Amino acid sequence: MAINATTTSHNITTISSPFSSPIKDNVTILNESLLKIQERTFVNWINYQFLINGLNDEIDNLTKDIKDSLIIYKLLNLLHRNSNNNIDINDDSNNDNDGDDLIIPEHLNPKLNVQFIANWNKLLDYLKTKMNLKLFNISSQDILDSNLKRILILIWQIIQSNLIIYKYL
């Protein structure tokens, strides 16, 4: 089997191989398009959660904006507050909510990768143990490496858990 290379009049070289096909290339393009659509949908969902709760936070790029984990901490605490019948998490007069259920990052202003990893490790542990989310093969390093598929799985799990909470309220 030979690999053929052809050059067009615009100096574009195309390589045809018995191992590649236009169908596989089209599937790859379709998968990438679907990932971008999912990313945009999840960004819109997160922004909507902040908007309906009066927060000015907004994200634009999922992989970059969640790198330090603070947006996800804020989102989880917001969803937790809403699931507890809108208990004000800043209200000290609330005796039945002493703040134990809130999740606070290890580093409130992370700048280094080590701090990002510590925040994500704590957050992922919380999601697995306290929220019982199934986060197979998702690590803090996946988030820092901007692994879009793993990030989308993580956000989808958070969305699903939020929908289940509201269903049973």
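This is a short tour of two buried polar residues and the nonpolar core in this structure. Keep in mind that the model is predicted.

Start with glutamate 39. It is found in helix H1, residues 22-52. Is glutamate 39 buried or exposed? Its relative accessible area is 10%, under the 20% cut-off, so glutamate 39 counts as buried. What does it touch? Setting aside neighbours within four places in sequence, glutamate 39 is in contact with Asn61, Leu62, Thr63, Leu148 and Leu152. Look at Leu62 in that list. A polar atom of the glutamate 39 side chain lies 3.4 Å from the backbone nitrogen of leucine 62.

Next, threonine 63. Its place is in helix H2, residues 62-65. Threonine 63 is buried too, at 13% relative accessibility. The side chains of threonine 63 and asparagine 61 are joined by a polar contact of 2.8 Å. Again leaving aside neighbours within four places, threonine 63 is in contact with Glu39, Ser146, Leu148 and Ile151. Now a long jump in sequence. Threonine 63 and isoleucine 143 are 80 residues apart along the chain, yet their C-alpha atoms are 7.3 Å apart.

Now the core. The largest nonpolar core has 33 residues. Which of them touch the most other members? Ile46, Leu62, Leu127, Leu154 and Ile158 do. Helices H1, H3 (70-83), H4 (113-129) and H6 (148-167) each supply at least two residues of this core. Take isoleucine 158. Not counting residues up to four places away in sequence, isoleucine 158 touches Ile72, Leu75, Leu76, Leu79, Leu127 and Leu133.

One general remark to finish. In soluble globular proteins, nonpolar side chains tend to be buried together.

Key
Residues are numbered from 1 along each chain as its sequence is written. This is a predicted model: local features need pLDDT of at least 70, side-chain atom pairs count only at pLDDT 80 or more; totals for chains, interfaces and linings use all residues. Side-chain values use heavy atoms; hydrogens and water are left out. Helices (H or I, at least four residues) and strands (E, at least two) are DSSP runs, numbered from the N terminus. Buried means under 20% relative accessible area, exposed over 50%, partly exposed in between (1.4 Å probe, protein chains only). A polar contact is a pair of N or O atoms within 3.5 Å; within protein, one must be able to donate a hydrogen and the other to accept it, and residues adjacent in sequence count only if both atoms are side-chain atoms. Contact means heavy atoms within 4.5 Å. A nonpolar core is a set of buried Ala, Val, Leu, Ile, Met, Phe, Trp, Tyr and Cys residues joined through side-chain atoms within 4.5 Å.
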